[in-house]
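Me: I have a protein model open and want to read it step by step. Can we go through it with short questions and answers?

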Amino acid sequence: MNIFCFGLNHRTAPIEARERFAGHARSPAVLRHLGCSEVLLLTTCNRVEIYAAADANIANEEIAQSLRIRGSSAKNDLEAFYRKENAECARHLFRVAAGLDSMVVGETEILGQAKRAYADARASGNAGPLLHRLCQRAFRAAKQVRSKTQITRGPVSVGSVAVDLAEKIFGDLRGRKVLVLGAGETSAKTLRALASRGVSDLRVSNRTPAHAEELANELEGIAVPFATWLEQCREIDILISSTAAETHLLTPPLLVPILRDRADRPLFIIDIAVPRDVSPEVNEFDGVYLYDIDSLQEIASESHELRRQQIAAAEAIIDEHVADFQKHLGLSQSGTRPTKECPTRVSGELRASEL
């Protein structure tokens with residue numbers, strides 16, 4: 001039985017490819033049908049990855065096809081994917097959970113996203129003893145990296161980097177009108193970063209009104225009905241979008257009448273969703289400046305330099321956890337030998353130590 005991971009991220013594939021292979025609710029079931037005994041799907045704005053255990057080798061093209069949501073074939077995109085087996089799979093997940101493989105090195109959202117992916121896999125019966133041990137060790141490694149290094153100092157979220165970009169464009173953000181589309185964790189951190197820079201006119205819109213209202217109340221902002229968010233674009237200076245929509249929410253035909261009312265006022269759009277919320281063609285309009293998640297990498301690389309010394313210390317911690325994990329499971333490049341088993345299905349809440 002081998003443990004392996006298969007996926008692509010912001011380093012191996014541009015956003016156009018990541019949009020085509022964003023994964024979906026059916027992906028784990030497809031992989032179980034292909035022969036995986038355990039499956040976990042991890043998707044974020046910068047990566048989509050499968051962690052799985054299987055007796056037989058499963059072709060990369062078949063795994064990629066299970067993640068595809070757009071396009072007719074995965075064959076032409078296979079070069080963008082990576083595959084890591086056993087000990088290297090463990091090392092990869094430990095680095096991911098610790099924020100070492102993120103666009104913003106040291107970012108903290110990824111650990112919560114990994115825990116939710118694990119909880120979903122356990123609840124659906126897709127995570128058994130091997131993935132249980134792998135994930136628990138990853139969470140322990142991430143916690144130790146955070147507590148024993150200063151890797152999380154400085155801007156440590158995609159949202160904070162997006163706000164850094166807005167500040168570079170406008171200078172002082174005070175007095176600017178900002179609409180954030182989406183009310184998830186990334187949107188919440190983006191709004192908090194905006195508030196910390198002195199933005200007082202914060203507007204939030206989400207398909208679930210209660211979520212938008214809760215977030216707006218926290219930051220003394222305004223909740224905007226989702227049906228009317230587009231009208232807000234006549235007034236705002238900055239639109240930051242981070243939703244889970246599968247199709248573009250803002251397209252050239254929708255934007256044309258909005259721009260007529262804006263006269264010479266520029267509209268800056270930062271789209272940090274994957275798949276993208278805003279059609280790339282929108283950037284062709286005069287007075288519209290569109291940035292997507294890949295546009296933030298240059299700014300993120302600046303904070304990477306500030307953390308270089310901390311990265312070495314974090315990698316040393318990861319090395320220790322990989323060696324220990326290898327020792328206890330008899331993990332090698334040729335296979336795995338699980339020891340004491342844990343249940344493949346869990347009833348009730350997971351223990352606090354597991355989350």
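Me: Which residues does Ser279 touch, not counting residues up to four places away in sequence?
Reply: Keep in mind that this is a predicted model. Ser279 sits in the loop between strand E9 (267–271) and E10. Leaving out residues up to four places away in sequence, its contacts are His248, Leu250, Thr251, Pro252 and Leu290.

Me: Is Ser279 buried or exposed?
Reply: The relative accessibility of Ser279 is 4%. Buried means under 20%. Therefore Ser279 counts as buried.

Me: How many helices and strands does the protein chain have, and what share of its residues is buried?
Reply: The chain holds 13 helices and 10 strands. It has 355 residues. The share that counts as buried is 54%.

Me: In what order do the strands of the parallel sheet lie?
Reply: This open sheet has 6 strands, and the pairing is parallel. Its edge strands are E7 (222–225) and E10 (288–292), each pairing on one side only. Neighbouring strands are turned by 20° against each other on average, direction ignored. The order is E7-E6-E5-E8-E9-E10.

Me: Which residue in E6 is the bridge partner of Val178?
Reply: Strands E5 (residues 177–181) and E6 (residues 201–206) run parallel, joined by 5 bridges. Helix H8 (residues 185–196) lies across E5, E6 and strand E8 (238–241), at about 165° to E5. The partner of Val178 in E6 is Leu202.

Me: Is Arg203 buried or exposed?
Reply: Arg203 has its place in strand E6. Its relative accessibility is 7%. The cut-off for buried is under 20%. So Arg203 counts as buried.

Me: Which side chain makes a polar contact of 3.0 Å with that of Arg203?
Reply: Look at what Arg203 touches, beyond four places in sequence: the contacts include Lys177, Val178, Gln232 and Glu235. Ile222 is also touched by Arg203. The C-alpha atoms of Arg203 and Ile222 are separated by 4.7 Å, though the two are 19 residues apart along the chain. The side chain in the 3.0 Å polar contact is that of Glu235.

Me: What is the strand order of the antiparallel sheet?
Reply: This second sheet is open and has 4 strands. Its edges are E2 and E4 (82–85). Neighbouring strands are turned by 15° against each other on average, direction ignored. The order is E2-E3-E1-E4.

Me: Which residue in E4 is the bridge partner of Phe6?
Reply: E1 and E4 run antiparallel, joined by 4 bridges. The partner of Phe6 in E4 is Arg83.

Me: Which strands does H4 touch as it packs on the sheet?
Reply: Helix H2 (residues 27–34) packs on this sheet too, touching E2 and E3. The direction of H4 makes about 115° with that of E4. The strands that H4 touches are E1, E2, E3 and E4.

Me: Which helix supplies the largest share of the largest nonpolar core?
Reply: That core has 39 residues. Leu40, Tyr51, Phe94, Leu134 and Ile318 touch the most other members. Among the elements that supply at least two residues are strand E1 (2–9), helix H4 (86–97) and helix H13 (308–329). The largest share, 9 residues, comes from H6.

Me: How many residues does the second, separate core have?
Reply: Its members include Ile15, Leu194, Ala216 and Ile240. The number of residues in this second core is 35.

Technical notes:
Residues are numbered from 1 along each chain as its sequence is written. This is a predicted model: local features need pLDDT of at least 70, side-chain atom pairs count only at pLDDT 80 or more; totals for chains, interfaces and linings use all residues. Side-chain values use heavy atoms; hydrogens and water are left out. Two strands pair if DSSP finds at least two bridges between them. Axes are lines fitted to C-alpha atoms, for helices over the stretch in contact, and angles run from 0 to 180 degrees between N-to-C directions. Contact means heavy atoms within 4.5 Å. Buried means under 20% relative accessible area, exposed over 50%, partly exposed in between (1.4 Å probe, protein chains only). A polar contact is a pair of N or O atoms within 3.5 Å; within protein, one must be able to donate a hydrogen and the other to accept it, and residues adjacent in sequence count only if both atoms are side-chain atoms. A nonpolar core is a set of buried Ala, Val, Leu, Ile, Met, Phe, Trp, Tyr and Cys residues joined through side-chain atoms within 4.5 Å.
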